[in-house]
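Q: I am new to this structure and would like a close look at a single part of it. Please take me through it step by step, in plain words.

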Amino acid sequence: MRNYFFTDIFLALETVVFRNTLPLIPVYSFSDVKFPKGYDASLAAGAYTTIETDPVLLINVEYLCRKPLEYTINIVYHEMIHYFCDLNGIHDTDNRNGYTYHRKEFKDAVKENGEICC
Ligand SMILES: [Zn+2]
């Protein structure tokens, strides 16, 4: 089930920051999603990924509990930058030794869209 609070944040950022260039995708809270075996969702505040090849944003409500709204907006924006990079063929992360790192291209995409976070 979609989380409409996070979807509203997505829509606001999509309009104000991305100027209507990102197609709407489902935004789920972690508690609504079944993860593959071995995936530790509790480690992440959010994720941009695919479910059966469809792109989605996942937001960890447990992680955001009792944090200010700005923090939640920041997490949604961060994942939207990953979505922006994916749509534009930008290689924004690397995996080394089981950890995901943000490349310079990710920071460049943040600067291109407006440094409201990250
Ligand atoms: Zn990231």
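Which residue of β3 does Tyr48 stand opposite?

A: Tyr48 stands opposite Leu57 in β3. That pair is a good place to start, and we can walk outwards from there. Please keep in mind that this is a predicted model.

Let us begin with the two strands that hold the pair. β2 and β3 are joined by six bridges and pair in the antiparallel sense. They form a hairpin, with two residues between the strands. One residue of that turn is Glu52, whose phi is positive, at about 50°; Glu52 is not a glycine, and the positive value occurs there all the same. Glu52 is exposed, because it has 5 C-beta neighbours inside 10 Å, and a residue with 12 or fewer counts as exposed.

Now look at the other side of β3. Leu57 is the bridge partner of Val27 too. Here β1 runs parallel to β3, which covers residues 54-59, and three bridges join the two strands. Along this pairing, Ser29 stands opposite Ile59 of β3. In general, strands of a sheet pair through backbone hydrogen bonds, in a parallel or an antiparallel way.

Put these pieces together and you have an open sheet of three strands in the order β1-β3-β2, with mixed pairing. At its edges are β1 (27-29) and β2 (46-51), each of which pairs on one side only. From one strand to the next, the twist averages 35°.

Helices pack on this sheet. Helix α1, residues 4-16, touches β1 and β3, and its direction makes about 145° with that of β1. In the loop between α1 and β1 you will find Arg19, a residue other than glycine with a positive phi, near 55°. Arg19 counts as exposed, because 10 other C-beta atoms lie within 10 Å.

Helix α3, residues 69-87, lies across β2 and β3 and runs at about 40° to β2. One residue brings us straight back to our starting pair: His82, which lies in α3, touches Tyr48 and also Asp92, leaving aside residues up to four places away in sequence. His82 is buried, because 21 other C-beta atoms lie within 10 Å, and 20 or more is what makes a residue buried.

His82 has company along the helix. The buried residues of α3 include Ile75, Val76, Tyr77, Met80 and Ile81, and further along Tyr83, Phe84 and Cys85. The buried residues of this helix pack against α1, β2, β3, α2 (61-64) and α4. You can check the length of α3 for yourself: at 1.5 Å a residue, its 19 residues should span 27 Å, and its end C-alpha atoms are 27 Å apart, so the two agree. Just after α3, Gly89 takes a positive phi of about 65°.

From α3 we can step across to helix α4. His82 and Val110 are 28 residues apart in sequence, while their C-alpha atoms are 9.5 Å apart in space. Two packed helices are described by the angle between their axes and the distance between those axes. For α3 and α4 (residues 104-113), the angle is about 100° and the axes are 10 Å apart. Angles from 65 to 115 degrees count as roughly perpendicular, so α3 and α4 are roughly perpendicular to each other. On the α3 side, Ile81, Phe84 and Cys85 make the contact, and on the α4 side Glu105, Phe106, Ala109, Val110 and Asn113 do. Of these residues, six are nonpolar, one is polar and one is charged.

Finally, step back to the chain as a whole. It has four helices and five strands, and from the N terminus on the elements run α-β-β-β-α-α-β-β-α. Of its 118 residues, 26% are buried. Among contacts with a separation of 6 or more, 58% join residues 24 or more positions apart.

Notes. Residues are numbered from 1 along each chain as its sequence is written. This is a predicted model: local features need pLDDT of at least 70, side-chain atom pairs count only at pLDDT 80 or more; totals for chains, interfaces and linings use all residues. Two strands pair if DSSP finds at least two bridges between them. Axes are lines fitted to C-alpha atoms, for helices over the stretch in contact, and angles run from 0 to 180 degrees between N-to-C directions. Two residues are in contact if their C-beta atoms, placed from the backbone, lie within 7 Å. Angles under 35 degrees count as roughly parallel, over 145 as roughly antiparallel, 65 to 115 as roughly perpendicular and the rest as oblique. Ala, Val, Leu, Ile, Met, Phe, Trp, Tyr, Cys and Pro count as nonpolar, Asp, Glu, Lys and Arg as charged, and the others, Gly among them, as polar. The expected span of a helix is 1.5 Å times one less than its number of residues.
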